[in-house]
Amino acid sequence: MYYDYPLLWDWIEFALRWLHVITAIAWIGSSFYFIALDLGLRRPADLGPGVSGEEWQVHGGGFYHIQKYNVAPDRLPEHLIWFKWESYATWLSGAALMAVVYYLGADLYLIDPDKLDVLPVQAIAISAASIGVGWVLYDLLCKSKFGEDNTRLMIALYVILVVLAWGYMQIFSGRAAFLHLGALTATIMTANVFFIIIPNQKIVVADMKAGRTPDPKYGKIAKQRSTHNNYLTLPVLFLMLSNHYPLAFATEYAWMIAALVFLMGVTIRHFFNTMHAGGGMLWWTWGATAGLFAVAVWLSTAPNVHATAATLSPRAERLMDHPDFPLVADIVIGNCSYCHGSEVAWPGLAGAPKGVILETEFEIATQARGIYLQSAKSHAMPPPGAGWLSPEDRALLAEWYESSR
């Protein structure tokens, strides 16, 4: 169905991606705001009992006076706003998007036969299991004696993420490996909210309603998970955007680039967290970030990785057996390979856009869906000024793809 109705699924993907971006903006915005608020709290001498700090803010022509309590106020307010749905909606929309793109299109976007030649259902099972098991192991580590030292825990988590980056690169395509590393990290972040932060806050609320004094340990645990989320946000954004940039994922050292990205997330957030806490502006963190980024750029010059396997899906085989396929191949190679080639001829391009190579009949058959959407049902490719396809050529590409349903 994914290949039989590409226009429908492309619009579904677009809608899900739009929703995912909107909800992510809401979640990240509220998360960054509360981190900045918490770090910027002032502690004047006249604070009320149980208040750990306060902050005055001005926005939109109004003034806001915000106070934070060590555990909870003496009396629960009538209206209490919970910040959780942004996180849940971001994860759900991302999971749906992943299912549409990488699960329904597993043989194109998920599986790399040169690394692990498996059936789509097997690849999907590995994907889902790795994300679920990853969260469980992370959660157990945080709850263990080892996790009581935050610095030690963060270093261990970084090492684990680097190992996972290498592991995903041994299983999936480069694009899918980066996506899965981001999906696992995002799952950890949302699960922190769903399983730890919100339940702990509900325990505090329940204690207050029952007239009990809440245990401060629940706030401490929630703060630890919130801090992890804070430092993981920027790497997740990079990994989710990386599918548009094959220089990041389609290289021999892509897992090392991912490792550097997590470090850059730390240096950037350290700058803003320190600034919000009143510790000044640590400009050296931007120098460190630039240095890490330069290393990532250097690593990206390694040879691009693209499919070279000799196996085709049944649909791709039908497309290659089509009587008009020689004409289709001539059209694609003659109009697309100067950008979508292993050696890009078009000035200003460092590599093939999105890592799509269209130099051989095998590559054309495996990328048929994209060719159909980009060059037959729309005029997106080739770009204006870079090439021209006649209406007859576009009609031939459409008939060729549609005949394989």
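This is a guided tour of a predicted model, going from the whole chain to a helix pair, the nonpolar core and one loop residue.

**The whole chain**

Begin with the entire protein chain on display, where 15 helices and 2 strands can be picked out. The C-alpha atoms fill a box of roughly 85 × 50 × 45 Å when this is taken along the principal axes. If you colour the 405 residues by accessibility, 44% of them count as buried. Contacts that link distant parts of the sequence are also worth displaying: among the contacts with a separation of 6 or more, 69% are between residues 24 or more positions apart.

**Helix 6 against helix 9**

Next, select residues 174-209, which form helix 6, together with residues 254-276, which form helix 9. The two helices pack at an angle of about 35°, their axes lie 11 Å apart, and their crossing is right-handed. To see what makes the contact, show the side chains of Phe178, Leu181 and Thr185 on helix 6, and then those of Ala254, Ile257, Ala258 and Phe262 on helix 9. Sorted by class, this contact has 6 nonpolar residues and 1 polar residue, with no charged residues.

**The largest nonpolar core**

Keep Phe178 and Leu181 selected, since both return here: they are among the residues with the most contacts inside the largest nonpolar core, a group that also includes Val332, Ile364, Leu397 and Trp400. That core has 83 residues in total, and helix 6 gives the most to it, with 15 residues.

Now centre the view on Trp400 and bring up its surroundings. Leaving aside residues up to four places away in sequence, Trp400 touches Leu319, His322, Phe325, Val328, Ile364 and Ala368; of these, Ile364 is also one of the core residues with the most contacts.

**Ser300 in its loop**

For the last stop, select Ser300, which sits in the loop between helix 10 (284-299) and helix 11 (314-321). Is Ser300 buried or exposed? Its relative accessible area is 11%, and because buried means under 20%, Ser300 counts as buried.

Showing the neighbours of Ser300 brings the tour back towards helix 9. Not counting residues up to four places away in sequence, Ser300 touches Leu247, Thr251 and Ile257, and Ile257 is one of the helix 9 residues that make the contact with helix 6. A distance drawn from the C-alpha atom of Ser300 to that of Ala250 comes to 8.1 Å, although these two residues are 50 residues apart along the chain. Finally, look within the local stretch of chain, where the side chain of Ser300 reaches the backbone oxygen of Val297 at 2.5 Å.

How values were computed:
Residues numbered from 1 in each chain as written. Predicted model: local features only at pLDDT ≥ 70, side-chain atom pairs only at ≥ 80, totals over all residues. Heavy atoms only, no water. Axes fitted to C-alpha atoms, helices over the stretch in contact; angles between N-to-C directions. Helix = DSSP H or I, 4+ residues; strand = E, 2+ residues; numbered from the N terminus. Left-handed = near helix turned anticlockwise from the far one by under 90°. Contact = heavy atoms within 4.5 Å. Nonpolar A, V, L, I, M, F, W, Y, C, P; charged D, E, K, R; others polar. Core = buried A, V, L, I, M, F, W, Y, C linked by side-chain atoms within 4.5 Å. Buried < 20%, exposed > 50% of the residue type's maximum accessible area, 1.4 Å probe, protein only. Polar contact = N/O pair within 3.5 Å; in protein donor to acceptor, adjacent residues only side chain to side chain.
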